[in-house]
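Biologist: Please take a close look at one part for me: the backbone geometry. Then place it in the rest of the chain. Keep it brisk.

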Amino acid sequence: MSEPFPWELGVHDAHCHPTDTMASVSDIPHMKTTTLTIMATRGDDQDLVQQTAESYSAQSKADCTDRKDRIVPCFGWHPWFSHQISNTAPSDLQTKKDHYDNVLAPSPVEDQAFIDLLPDPKPLSELLSETRARLQKFPTALVGEIGLDRSFRIPGPWTEEELEKRNDQVTPGSREGRRLSHYRVKPEHQRAVLKAQLQLAGEMNRAVSLHSVQAHGALVDVLKEVWAGHERVVLSRRKRDKQRDAECADFEDEEDATTTPNPFPPRICMHSYSGSVDPIRQLMHKSNPSDVYFSFSSLINFNGAPARKIADVVKALPEDRILIESDLHKAGEELDALMEDVARRICELRGWELRHGVQLLADNWRRFVYG
Ligand SMILES: [Zn+2]
């Protein structure tokens, strides 16, 4: 018999998508998982995340200690939908065809039927002002899900067979089992959409949840761009001691630095982190001005992925930077079961006693979200 799971310590899902199945959202008050950090990804789900947050989330940091803390809403545009965003100046009026010709590879200009499937592009400036307004409305909201993905392709048109099998409970706009086309979103376009949202998160002083698939090198490059000029000074021990002596003199400068918004998020969660140990060294470098956390899910990290690789990654991390998540598309018992499973696995890999580990993971989540 395994030790009973200590739900009473608080279990927080750092990344999930219950608004993909709106019928499941009414299960949230009955769940064992304490908090769901709910991602928005595309045009279809921004309002749904907002509505869900209006029903169940805390409105201020002071509320977060009690059971009203069921939801932390996150607003952002996922790389799988980044082609729907246009990043040209308003004066540079573009046709829909020109836009998709610019952002997709190979060029779809000869494939009018495919272009007809795609929505009219949304200006990046509009996305940013809408997201800013949502973040202002929810003082504890984060930015997500955003990121880079080198492996995905855009779904093709629905076939009759796919339409027959379509589940009408699922919020539209995602792949929903459709065959993929051969069109990809160009990496430079994904980077531009990501960078603008990282800068917005900095402006609003909010943490972000990042998706990165086969793109860890490119992701580090974008982070270095937004961090440029703001790197933390890494001092030798001797210099650190000297600086401590001069601390009082520096106090005013530090005060200034905290009141000016930064162009980068204060904290970053690498969601369902699938990279190796190497990028962790870059992401955890002492000079990085954002604190980077790494989150793991049973669905992505413990579901056929090489066991040795995930074990190496989990063991390489500092204990205060590990998060857990479900990444599930619905709320309810299945999500609770995934959270218990991933928490037990992480504790086992780290050699943590269960109650100690669950408490550490809860503390990490709170520090990641609220600073
Ligand atoms: Zn996700």
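**Backbone geometry in close-up**

Modeller: Glu176 counts as partly exposed, because its relative accessibility is 21% and buried would mean under 20%. Keep in mind that this is a predicted model. Glu176 is not a glycine, yet its phi is positive, about 50°. Look for Glu176 in the loop that runs between α5 (160–165) and β8 (184–185).

Ser272 is another residue to check. Ser272 is not a glycine either, and its phi is positive at about 40°. Its loop lies between β10 (267–270) and α10 (277–283). Is Ser272 buried or exposed? Ser272 counts as buried, because its relative accessibility is 5% and the limit for buried is under 20%. Which residues does Ser272 touch, leaving out those up to four places away in sequence? The partners are Ser295, Ser297, Ile300, Asn301, Glu325 and Asp327.

A positive phi also turns up at Gly371. Gly371 follows helix α14, and its phi is near 85°. Helix α14 covers residues 354–370, which is 17 residues. From first C-alpha to last, α14 reaches 24 Å, close to the 24 Å expected at 1.5 Å a residue. Many residues of α14 are buried, among them Leu354, Leu361, Trp365, Phe368 and Tyr370. Gly357 and Asn364 are also on the buried list for α14.

Now the cis peptide bonds. The bond from Ala105 to Pro106 is cis, with omega near -5°. Pro106 sits in the loop between β5 (104–105) and α3 (112–117). The bond from Gly144 to Glu145 is also cis, and its omega is near 10°. Here the residue after the bond, Glu145, is in strand β7.

Glu145 leads straight to the metal. What are the protein donors of the zinc ion? They are His15 through NE2, His17 through NE2 and Glu145 through OE. Their distances from the zinc ion run from 2.1 to 2.2 Å. Along the chain, the donors follow the spacing H-x1-H-x127-E. His15 belongs to strand β1 (residues 12–16), while Glu145 belongs to strand β7 (residues 143–149). These two donors are 130 residues apart, and the pair links distant parts of the chain. Both His15 and Glu145 are buried.

Just before β7 comes another residue worth a stop. Thr140 is found in the loop between α4 (124–137) and β7. Thr140 counts as buried because its relative accessible area is 6%, against the limit of under 20%. Its C-alpha is separated by 8.0 Å from that of Arg206, which is 66 residues away along the chain.

Next, the interior. Nonpolar side chains tend to be buried together in soluble globular proteins. The largest nonpolar core in this chain has 73 residues. Met270, Phe294, Phe296 and Ile346 have the most contacts inside this core. Helix α13 (residues 333–350) gives the most to this core, with seven residues. Take Ile346 as a sample. Leaving out residues up to four places away in sequence, Ile346 touches Phe296, Phe302, Val314, Ile322, Ile324, Trp352 and Leu361. Leu361 is one of the buried residues of α14. A second core is separate and has 13 residues, including Val72, Leu142, Tyr293 and Trp365. Trp365, too, is one of the buried residues of α14.

Last, the whole chain. How many helices and strands does the chain have? The count is 14 helices and 12 strands. Of the 371 residues, 49% count as buried. Contacts with a separation of 6 or more are 78% between residues 24 or more positions apart. The C-alpha trace spans about 65 × 55 × 40 Å along its principal axes. The radius of gyration is 21 Å, which agrees with a compact globule, because a globule of 371 residues would come near 21 Å. The accessible surface comes to about 18100 Å², and carbon and sulfur atoms hold 49% of it.

Terms used
Residues numbered from 1 in each chain as written. Predicted model: local features only at pLDDT ≥ 70, side-chain atom pairs only at ≥ 80, totals over all residues. Heavy atoms only, no water. Core = buried A, V, L, I, M, F, W, Y, C linked by side-chain atoms within 4.5 Å. Buried < 20%, exposed > 50% of the residue type's maximum accessible area, 1.4 Å probe, protein only. Helix = DSSP H or I, 4+ residues; strand = E, 2+ residues; numbered from the N terminus. Contact = heavy atoms within 4.5 Å. Donors = N, O, S within 2.8 Å, 3.2 Å for Na, K, Ca; no water. Rg over C-alpha atoms; globule rule 2.2 N^0.38 Å. Areas by Shrake-Rupley, 256 points an atom, 1.4 Å probe, with all protein chains shown as cover. Expected span 1.5 Å × (residues − 1).
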